[in-house]
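Here is a short briefing to keep beside you while you look over the chain. Take a moment with the view below, then read on.

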Amino acid sequence: MKMHLDEKIWLILSFGMIMLFTIFTGYQTFVLGLGPPSNMETIDPQKVEETAPFDAPGVYEIGENEYEVVMILEIFRFNPGDIEIPAGSTVHFTMTSKDVIHGIQIAGTNMNAMVTPGHIQTITQTFHEPGEYLVLCNEYCGIGHQHMATTITVY
Ligand code: CUA
(Lines give C-alpha, C1' and ligand atoms only; values in the text may rest on other atoms or scores of the structure.)
Protein backbone atom coordinates (compact mmCIF):
# COMPACT_ATOMS: atom_id res chain seq x y z
CA MET A 1 0.00 0.00 0.00
CA LYS A 2 1.36 3.32 -1.05
CA MET A 3 1.02 6.10 1.45
CA HIS A 4 1.80 9.76 1.18
CA LEU A 5 4.36 11.14 3.55
CA ASP A 6 1.78 13.64 4.85
CA GLU A 7 -0.56 10.80 5.64
CA LYS A 8 2.16 8.95 7.53
CA ILE A 9 3.06 12.04 9.53
CA TRP A 10 -0.58 12.63 10.52
CA LEU A 11 -1.07 8.98 11.42
CA ILE A 12 2.01 8.99 13.63
CA LEU A 13 1.01 12.31 15.19
CA SER A 14 -2.55 11.25 16.00
CA PHE A 15 -1.49 7.82 17.28
CA GLY A 16 1.19 9.51 19.38
CA MET A 17 -1.36 11.89 20.85
CA ILE A 18 -3.72 9.04 21.74
CA MET A 19 -0.86 7.19 23.44
CA LEU A 20 0.21 10.34 25.27
CA PHE A 21 -3.30 11.01 26.61
CA THR A 22 -3.71 7.35 27.60
CA ILE A 23 -0.43 7.34 29.51
CA PHE A 24 -1.22 10.70 31.12
CA THR A 25 -4.71 9.60 32.24
CA GLY A 26 -3.35 6.27 33.48
CA TYR A 27 -0.63 8.04 35.43
CA GLN A 28 -3.16 10.39 37.04
CA THR A 29 -5.50 7.56 37.96
CA PHE A 30 -3.12 4.84 39.15
CA VAL A 31 0.02 6.68 40.25
CA LEU A 32 -1.42 9.92 41.60
CA GLY A 33 -4.65 8.26 42.76
CA LEU A 34 -6.89 10.88 41.18
CA GLY A 35 -9.62 8.45 40.17
CA PRO A 36 -13.19 9.14 41.25
CA PRO A 37 -13.30 8.84 45.05
CA SER A 38 -16.81 7.52 45.27
CA ASN A 39 -18.73 4.49 44.05
CA MET A 40 -16.45 2.30 46.14
CA GLU A 41 -19.17 1.19 48.53
CA THR A 42 -21.86 -1.11 47.26
CA ILE A 43 -25.41 -1.78 48.43
CA ASP A 44 -28.13 -4.22 47.45
CA PRO A 45 -30.51 -2.03 45.41
CA GLN A 46 -33.43 -4.30 46.36
CA LYS A 47 -32.86 -3.61 50.04
CA VAL A 48 -32.07 0.11 50.09
CA GLU A 49 -34.83 0.96 52.56
CA GLU A 50 -33.68 -1.71 55.00
CA THR A 51 -30.00 -0.84 54.79
CA ALA A 52 -28.46 1.80 57.05
CA PRO A 53 -28.17 4.72 56.64
CA PHE A 54 -30.82 4.65 53.90
CA ASP A 55 -33.44 3.26 56.26
CA ALA A 56 -33.68 6.83 57.55
CA PRO A 57 -33.16 9.30 54.70
CA GLY A 58 -33.00 12.89 55.84
CA VAL A 59 -30.90 15.87 56.83
CA TYR A 60 -28.74 15.43 59.92
CA GLU A 61 -26.71 18.04 61.73
CA ILE A 62 -23.39 16.38 62.53
CA GLY A 63 -21.37 19.39 63.65
CA GLU A 64 -21.16 23.13 63.62
CA ASN A 65 -22.30 24.18 60.14
CA GLU A 66 -21.90 20.60 59.06
CA TYR A 67 -24.67 18.37 57.82
CA GLU A 68 -25.11 14.92 56.42
CA VAL A 69 -27.81 14.36 53.86
CA VAL A 70 -28.78 10.72 53.43
CA MET A 71 -30.62 10.68 50.14
CA ILE A 72 -32.40 8.06 48.06
CA LEU A 73 -32.90 8.81 44.39
CA GLU A 74 -35.81 7.04 42.77
CA ILE A 75 -38.18 7.50 39.88
CA PHE A 76 -38.82 10.44 39.90
CA ARG A 77 -37.83 12.17 43.10
CA PHE A 78 -35.12 13.04 45.55
CA ASN A 79 -35.81 11.78 49.06
CA PRO A 80 -35.48 14.02 51.03
CA GLY A 81 -36.43 16.98 48.87
CA ASP A 82 -36.85 20.67 49.73
CA ILE A 83 -33.78 20.72 51.95
CA GLU A 84 -33.11 23.81 54.08
CA ILE A 85 -29.72 24.61 55.56
CA PRO A 86 -28.03 27.72 56.94
CA ALA A 87 -25.49 29.62 54.82
CA GLY A 88 -21.91 28.49 55.21
CA SER A 89 -22.89 24.88 55.78
CA THR A 90 -20.82 22.01 54.55
CA VAL A 91 -23.05 19.19 53.45
CA HIS A 92 -21.92 15.61 53.03
CA PHE A 93 -24.27 13.85 50.67
CA THR A 94 -24.57 10.07 50.91
CA MET A 95 -26.72 8.84 48.08
CA THR A 96 -27.91 5.77 46.29
CA SER A 97 -30.56 4.82 43.77
CA LYS A 98 -33.39 2.38 44.31
CA ASP A 99 -34.04 1.69 40.66
CA VAL A 100 -32.21 3.13 37.66
CA ILE A 101 -29.29 5.45 37.06
CA HIS A 102 -30.02 9.00 38.18
CA GLY A 103 -27.90 12.10 38.34
CA ILE A 104 -27.71 14.94 40.81
CA GLN A 105 -26.68 18.37 39.71
CA ILE A 106 -27.00 21.47 41.83
CA ALA A 107 -27.24 24.60 39.74
CA GLY A 108 -24.80 27.31 40.75
CA THR A 109 -22.35 24.85 42.32
CA ASN A 110 -19.77 22.39 41.06
CA MET A 111 -21.78 19.49 42.37
CA ASN A 112 -22.66 17.03 39.64
CA ALA A 113 -22.68 13.29 40.15
CA MET A 114 -24.11 10.11 38.77
CA VAL A 115 -26.03 7.96 41.24
CA THR A 116 -26.23 4.33 40.21
CA PRO A 117 -28.20 1.48 41.79
CA GLY A 118 -25.95 -0.85 43.77
CA HIS A 119 -23.47 1.86 44.64
CA ILE A 120 -23.19 4.48 47.35
CA GLN A 121 -22.22 7.88 46.07
CA THR A 122 -20.67 10.40 48.44
CA ILE A 123 -19.93 14.02 47.68
CA THR A 124 -19.32 17.08 49.82
CA GLN A 125 -20.47 20.58 48.99
CA THR A 126 -20.26 23.84 50.93
CA PHE A 127 -23.01 26.39 50.43
CA HIS A 128 -21.64 29.88 51.06
CA GLU A 129 -24.28 32.03 49.40
CA PRO A 130 -27.88 32.16 50.61
CA GLY A 131 -30.44 31.41 47.96
CA GLU A 132 -32.58 28.76 46.43
CA TYR A 133 -30.54 26.14 44.60
CA LEU A 134 -32.16 24.06 41.93
CA VAL A 135 -31.40 20.34 42.20
CA LEU A 136 -31.84 18.38 39.02
CA CYS A 137 -31.56 14.82 37.80
CA ASN A 138 -29.32 14.97 34.77
CA GLU A 139 -29.39 11.34 33.69
CA TYR A 140 -32.36 10.31 31.60
CA CYS A 141 -34.20 7.91 33.91
CA GLY A 142 -37.58 7.41 32.33
CA ILE A 143 -40.82 9.07 31.36
CA GLY A 144 -40.87 11.42 34.36
CA HIS A 145 -37.22 12.40 34.19
CA GLN A 146 -37.97 16.06 33.49
CA HIS A 147 -40.02 16.25 36.71
CA MET A 148 -37.20 14.95 38.87
CA ALA A 149 -36.14 18.13 40.60
CA THR A 150 -36.15 19.73 44.01
CA THR A 151 -34.50 22.66 45.79
CA ILE A 152 -31.98 23.31 48.49
CA THR A 153 -32.74 26.52 50.32
CA VAL A 154 -29.76 28.19 51.94
CA TYR A 155 -30.87 30.81 54.46
CU1 CUA B 1 -33.77 10.66 37.63
CU2 CUA B 1 -33.57 11.56 35.43
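The notes that follow cover one helix and a group of paired strands.

Please keep in mind that this is a predicted model. A good place to begin is strand E3, residues 66-74, which pairs with E2, with E6 and with E4.

**Helix H1**
- Helix H1 covers residues 5-31, and at 1.5 Å a residue its 27 residues should span 39 Å; the end C-alpha atoms lie 37 Å apart, so the two values agree.
- After H1 comes glycine 33, which has a positive phi near 65°.

**Strand E3 and its surroundings**
- Of the 9 residues in E3, 7 are buried, meaning under 20% relative accessible area.
- The rest of the structure therefore largely encloses this strand.

**E3 with E2**
- Strand E2 (residues 58-63) runs antiparallel to E3, and 5 bridges join the two.
- Within this pair, tyrosine 67 of E3 sits opposite glutamate 61.
- The hairpin of E2 and E3 has 2 residues between the strands, and asparagine 65 in this hairpin has a positive phi near 60°.

**E3 with E4**
- Strand E4 (residues 77-79) is also antiparallel to E3, with 3 bridges joining them.
- Here phenylalanine 78 in E4 stands opposite leucine 73.
- The hairpin that links E3 to E4 passes through 2 residues.

**E3 with E6**
- With strand E6 (residues 89-97), E3 pairs in the parallel sense, over 8 bridges.
- Isoleucine 72 has threonine 96 in E6 as its bridge partner.

How values were computed. Residues are numbered from 1 along each chain as its sequence is written. This is a predicted model: local features need pLDDT of at least 70, side-chain atom pairs count only at pLDDT 80 or more; totals for chains, interfaces and linings use all residues. Side-chain values use heavy atoms; hydrogens and water are left out. Helices (H or I, at least four residues) and strands (E, at least two) are DSSP runs, numbered from the N terminus. The expected span of a helix is 1.5 Å times one less than its number of residues. Buried means under 20% relative accessible area, exposed over 50%, partly exposed in between (1.4 Å probe, protein chains only). Two strands pair if DSSP finds at least two bridges between them.
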